[in-house]
Amino acid sequence: MELFDIRIIDIVDIVLVAFLLYYIYKLIKGTVAINIFLGIVIVYAIWKITELLEMEMLSKILGGFLGVGMVALVVVFQQEISRGADTTEEKS
């Protein structure tokens with residue numbers, strides 16, 4: 001039995017996820033969005049814990065909040081998102 005069964009695609013996957021997380025961090029660093037992002041991460045972690053503990057009602061409420069909350073975030077931060085896209089276009 002092998003201890004690690006790592007394929008090339010696994011390494012590519014890890015590198016792409018790391019790049020994506022770094023880019024998101026770089027995009028929101030120094031803005032109010034970092035606090036909101038941390039809040040979403042905390043709510044997501046609590047949601048996963050409630051699912052693990054089989055707390056059905058709280059899990060469904062938090063899951064619904066996360067689903068609707070993502071759409072609300074895009075609406076609330078529309079200007080910051082477009083500003084981030086503008087700065088990205090200027091760099092290339």
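A residue counts as buried here when its relative accessible area is under 20%. By that cut-off, 11% of the 92 residues of the chain are buried. Please keep in mind that this is a predicted model. Welcome to a chain with four helices and zero strands, which runs α-α-α-α when read along the sequence.

**Overall surface**
- The chain exposes about 8100 Å², and carbon and sulfur atoms supply 72% of that area.
- A nonpolar patch on the surface is formed by F4, I6, I8, I9, I11, V12, V15 and L16. Together these residues have about 830 Å² of accessible area.
- One member of the patch, I9, is found in helix α1, which covers residues 8–28. I9 counts as exposed because its relative accessibility is 51%, and the cut-off for exposed is over 50%.

**Two buried residues that touch**
- T50 is found in helix α2, residues 33–52. Its relative accessibility is 3%, so T50 counts as buried.
- Setting aside neighbours within four places in sequence, T50 is in contact with M55, L58, S59 and L62.
- S59 has its place in helix α3, residues 56–76. S59 also counts as buried, because its relative accessibility is 9%.
- With the neighbours within four places again left out, the contacts of S59 are W47, T50 and E51. The contact between T50 and S59 therefore joins a residue of helix α2 to a residue of helix α3, as contact means heavy atoms within 4.5 Å.

**Salt bridges**
- A search of the whole structure finds two salt bridges. As general background, side chains of opposite charge can pair when their charged atoms come close.
- One of them links R7 with D10, and the closest N and O atoms are 3.2 Å apart. D10 counts as partly exposed, because its relative accessibility is 25%.
- The side chains of K48 and E51 also meet in a salt bridge, at 3.3 Å from N to O. K48 and E51 are three residues apart in helix α2, so about one helical turn separates them.
- Both ends of this bridge count as partly exposed, because the relative accessibility is 37% for K48 and 35% for E51.

**Around the aromatic rings**
- K48 lies over the face of W47, at 4.8 Å from the ring centre. K48 thus has a place in this arrangement and in the salt bridge with E51.
- W47 and E51 are also among the contacts of S59.
- The count of aromatic pairs comes to one.

Technical notes
Residues numbered from 1 in each chain as written. Predicted model: local features only at pLDDT ≥ 70, side-chain atom pairs only at ≥ 80, totals over all residues. Heavy atoms only, no water. Helix = DSSP H or I, 4+ residues; strand = E, 2+ residues; numbered from the N terminus. Buried < 20%, exposed > 50% of the residue type's maximum accessible area, 1.4 Å probe, protein only. Areas by Shrake-Rupley, 256 points an atom, 1.4 Å probe, with all protein chains shown as cover. Phe/Tyr/Trp six-rings, centres within 6.5 Å; stacked < 30°, edge-to-face > 60°. Lys NZ or Arg CZ within 6 Å of the ring centre and 35° of its normal. Patch = residues over 30% accessible without salt bridge, like charges linked within 9 Å, V, L, I, M, F, W, Y side chains within 5 Å. Salt bridge = Lys/Arg side-chain N within 4 Å of Asp/Glu carboxyl O.
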